Amino acid sequence: MKVGLTFKTLLLLMHGILVIFIGLASIAVAQETEMESSDTASEQEVITLEGVVVVGTRAKPRSVLESAVPIDVLPSDDFVKQGSTDLPDLLRNLVPSYNVNAQPIADAATVVRPANLRGLAPDHTLLLVNGKRRHRASVIAWLGNGLSDGAQGADLSPIPSIALKQVEVLRDGASAQYGSDAIAGVLNLQLKDSYKGGSFEIKPGIFQTGDGLTYSFAGNIGLGREDLWTNLSLEYGGMNETDRSVQRDDAAALISAGNTDVADPAQPWGHPIIKNDIKLFANYGASITDEIKFYGHANYAQKEVEGGFYFRNPNTRGAVFSNDDGKTLLVGNLGGLTPEMAEWETRKVEWEAQNPAAVEVGEAFPEPSPHDADDIPITNNVPDPVALKQVIDNPNLFTFQELFPGGFTPRFGADTLDASLLVGLKGTIIEDLGWDLSAAYGRHASDFFIKNTVNASLGPKTPTEFDPGDYIQADMNINLDLTYPLHDMVFFAFGVEYRTETFEIVQGQIESWDIGPLASQGFSSGSNGFPGFSDIAEGNWTRSNSAGYLESELRPLDFWTIGAAVRGEYFDDFGSTVNYKVATNYGIADTFKKLLSIDPIVDLRARGSYSTGFRAPTPGQQNAFNVTTEFGENNTLVNKGTIPSTHAAAGLVGGKALEPEKSKSFTVGTVISHSIANLTIDYFNIKVEDRLAPSRDFNRGQDVTEAQIQQLVAEGITSAGNLQEFRFFTNEFETSTQGIDVILTAPILNGVLSVAYNYTGTEVTKHNPDILNEVRIKLLQEGIPRHRGNATLTQAIGDSLGVLGRVNYYGPWYENAVGAQTYSGAFLVDIEVSYALIENLGITVGVNNVLNVAPDNITSAEGPDVPFDIEEFPARIVGRPFGEYSPYGFGGAFWYTKVGYHF
């Protein structure tokens with residue numbers, strides 16, 4: 001399938017934008033006489049709209065409109081005027097090319113939500129704080145609706161929005177300037193640096209349905225003096241869970257049959273619980289001498305995140321309650337194997353010894369009959385009460401209906417801790433030669449937990465709460481940067497960097513991964529839903545790399561800027577890579593002024609760039625083991641394992657050592673500015689080779705032999721006996737991503753109008769069909785909306801009242817979590833009203849999604865055009881009537897208030 005803007009669509013879009021712009025410019029010309037007396041005020045307003053940025057070049061800061069590459073500048077007020085307290089959500093509402101969504105029942109992705117910039121994976125975006133690389137998160141997003149699967153990016157959530165002076169979003173490849181990961185672009189967070197004043201705010205909120213209570217208390221204060229200062233920010237908050245589920249029909253059937261132990265709903269769907277969300281950030285500096293300054297920043301953050309998993313039916317859940325799809329209950333013999341099973345084991349060993357060739361090609365000895373004397377028949381959702389009582393009364397027999405007669409729904413989450421410290425010295429020597437030496441250390445840890453579940457192979461001795469282990473990511477960076485302005489028209493920068501990156505898997509408690517005595521009787525091992533990390537899966541992997549770069553900026557003319565950069569990097573496990581970038585910004589209107597002495601109505605500029613880039617697979621992606629429970633074929637729950645690509649079992653089906661991703665990208669755009677408005681239009685194209693993502697799932701019995709399953713058990717994936725599918729990371733495909741960004745800003749009366757639109761389309765241009773199937777391709781191409789847009793209008797009414805209105809548009813997207821469906825797009829409307837009670841004290845009331853828009857319902861099994869019925873497939877399986885990966889969430893209208901004090 002070809003993706004891209006059609007000529008007609010592009011023509012209509014450009015026509016509409018130009019009509020708006022010409023209309024605004026015409027108003028300006030008509031009112032030119034009246035505006036002459038307020039030229040200074042207008043110029044100041046335009047400067048505010050343009051913004052001043054430092055990302056994208058190491059030369060002196062410049063306005064967004066003069067930049068050679070597209071950059072969004074988001075001042076702190078843009079974050080204040082929203083209901084959410086989580087930075088990823090705040091960014092999503094402001095930057096159309098940035099996507100992040102809720103992650104219900106998504107394993108570790110619920111803990112650190114993956115976000116996408118310009119249609120690429122989360123780890124294709126580099127995160128900077130005050131221009132310095134920030135460490136990545138410990139979480140690997142094993143479940144991410146295709147596009148984010150397997151990504152390990154940085155986490156924005158530990159950063160309190162009250163600490164930010166502005167956010168700069170560089171929408172261009174920048175690996176030649178900043179190193180690995182900057183394929184989609186760069187987010188640079190500029191921290192507040194005032195040593196005077198501060199602010200405090202209290203922000204509670206709740207969904208219109210009455211759940212999901214959210215609260216935050218935040219404060220910022222500047223201390224010290226000009227030569228010795230610190231700026232401190234603190235936020236504390238939390239969120240209650242939401243529930244948008246419908247009762248599963250299997251649970252409803254159990255209740256109708258008389259099982260009063262089944263919960264309603266058996267499987268909640270909604271936002272997770274967030275507890276004790278603490279975020280602390282410090283920005284600091286000092287003047288050591290007139291030429292040398294000390295600077296740095298540090299943070300500490302922690303929180304607990306907890307969400308639900310899938311419901312385990314007490315009659316049908318495989319390897320726990322039954323092994324024949326609910327025909328009989330699975331009964332364990334605590335005294336060992338039953339005589340029938342012991343005889344079967346003996347015959348199996350003899351057959352395998354006599355038929356080694358058959359074993360080698362995956363043939364297996366026939367399974368024993370599931371209906372031996374101890375099994376309990378199930379009729380119309382009711383186990384035979386007489387047989388069940390006999391088992392319960394027999395101390396040597398056991399069924400998990402004794403512990404969970406109504407089934408169980410595991411609860412999964414993690415306690416996360418994020419901390420970092422950066423210190424640096426900078427100054428000038430030999431006239432204008434600037435130097436900057438810095439060192440940074442960052443660490444992110446996720447201590448997982450799972451409760452209300454079992455290790456079935458341990459029988460009645462199983463715990464119901466487990467510590468599966470930890471993921472820990474630690475990064476260390478040392479940088480030396482030198483800058484030298486040769487004169488006003490030529491600027492040079494060069495530097496070196498040394499970086500280490502460590503990923504660690506900490507072993508879980510033994511019961512979370514142990515193979516218990518009932519495993520040989522058909523009971524699954526490991527904590528059900530998220531098996532723990534065994535002594536073989538645990539490990540510590542470190543990679544180091546060193547780099548050097550050269551960057552230059554030339555100004556042949558006052559209105560023409562040319563930038564170039566080249567960077568060489570060496571990785572101790574991948575070898576060397578060299579990347580480069582060229583970019584330019586040319587003032588077309590200035591040319592008319594210089595050559596023809598014509599003063600155009602608008603300032604017109606052209607800009608563009610071309611760059612190569614790369615991203616090295618993380619040590620976590622190279623080495624991590626993981627087992628999750630997902631819906632597989634025929635919409636049944638299966639255990640899926642992700643194993644290292646160099647694992648012996650992966651090698652049997654095409655796995656091999658990972659390689660770095662490589663990219664080529666270019667942008668071309670125009671900037672049109674006037675005292676009444678600014679307009680930028682930028683086209684981008686990104687081609688990624690050797691792209692990294694998990695492979696398709698290899699199925700037991702089809703792609704994977706019994707010998708491979710036993711090998712997985714031997715290698716430490718202890719639930720492999722009940723593992724129906726596994727996958728691994730691969731470089732076996734290439735993509736082409738293209739799109740357009742349009743941004744219009746204009747002062748209107750006593751406020752500002754901002755309109756932004758993004759189109760992003762991705763095409764998989766090359767792939768290995770044995771590794772990447774058509775479902776994964778469709779998810780990569782359509783898993784997030786291709787069209788995004790927003791329009792925001794702020795107005796001041798008098799000295800005390802302010803209003804804000806925002807319309808967000810999200811285009812259609814595709815999911816395949818249960819069935820396959822393309823969900824329709826939607827418009828969401830936000831409204832906010834602020835009132836100054838007294839000087840420096842104000843109150844705000846607002847609502848996000850005031851129209852209470854919800855995602856489409858899942859369609860009927862008969863097709864997408866058949867109306868949804870909650871009694872029909874597939875709601876009865878998943879317990880939810882909507883898509884899981886809605887780009888704007890599924891909570892509905894969210895009301896909030898805020899009380900803020902500034903001093």
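Visitor: In S9, what is the bridge partner of Val169?
Guide: The model is predicted. Strand S8 (residues 164-170) and strand S9 (residues 185-191) run antiparallel and are joined by 6 bridges. Within this pair, the partner of Val169 in S9 is Leu187.

Visitor: In what order do the 5 strands of the open sheet lie?
Guide: The pairing in this sheet is mixed. Its edge strands, each pairing on one side only, are strand S3 (71-75) and strand S7 (132-133). The order is S3-S8-S9-S6-S7.

Visitor: Which residue in S31 stands opposite Thr670?
Guide: S30 is joined to strand S31 (residues 677-694) by 13 bridges, and the two run antiparallel. They form a hairpin with 2 residues between them. Opposite Thr670 in S31 stands Ile681.

Visitor: Which residue in S30 stands opposite Phe614?
Guide: Strand S27 (residues 603-615) pairs with strand S30 (residues 661-674) in the antiparallel sense, over 13 bridges. In S30, the residue opposite Phe614 is Lys662.

Visitor: How many residues apart are Asp741 and Arg171, which form a salt bridge?
Guide: The closest N and O atoms of Asp741 and Arg171 are 3.2 Å apart. Asp741 lies in strand S33 (residues 723-748), while Arg171 lies in the loop between S8 and helix H6 (175-178). The pair links distant parts of the chain, 570 residues apart.

Visitor: Is Asp741 buried or exposed?
Guide: Buried means under 20% relative accessible area. Asp741 has 5% relative accessibility, so Asp741 falls under that cut-off. Its salt-bridge partner Arg171 has a relative accessible area of 2% and is buried too. Asp741 therefore counts as buried.

Visitor: Which residue forms a salt bridge with Arg543, with the closest N and O atoms 3.9 Å apart?
Guide: Arg543 lies in strand S24 (residues 539-557), and the partner in the loop between strand S25 (560-571) and strand S26 (575-587), so the pair ties together parts that are 30 residues apart in sequence. Arg543 counts as buried at 3% relative accessibility, whereas the partner counts as partly exposed at 35%. Both belong to a network of salt bridges that also includes Arg499 and Glu501. The partner is Asp573.

Visitor: Which strand supplies the largest share of the nonpolar patch?
Guide: The patch lies on the surface, with about 770 Å² of accessible area together, and its residues include Tyr835, Leu837 and Ile843. Strand S39 (826-838) and strand S40 (841-848) each supply at least two of its residues, and Ile843 lies in S40. The largest share, 3 residues, comes from S39.

Technical notes:
Residues numbered from 1 in each chain as written. Predicted model: local features only at pLDDT ≥ 70, side-chain atom pairs only at ≥ 80, totals over all residues. Heavy atoms only, no water. Patch = residues over 30% accessible without salt bridge, like charges linked within 9 Å, V, L, I, M, F, W, Y side chains within 5 Å. Areas by Shrake-Rupley, 256 points an atom, 1.4 Å probe, with all protein chains shown as cover. Salt bridge = Lys/Arg side-chain N within 4 Å of Asp/Glu carboxyl O. Helix = DSSP H or I, 4+ residues; strand = E, 2+ residues; numbered from the N terminus. Pairing = 2+ DSSP bridges. Buried < 20%, exposed > 50% of the residue type's maximum accessible area, 1.4 Å probe, protein only.
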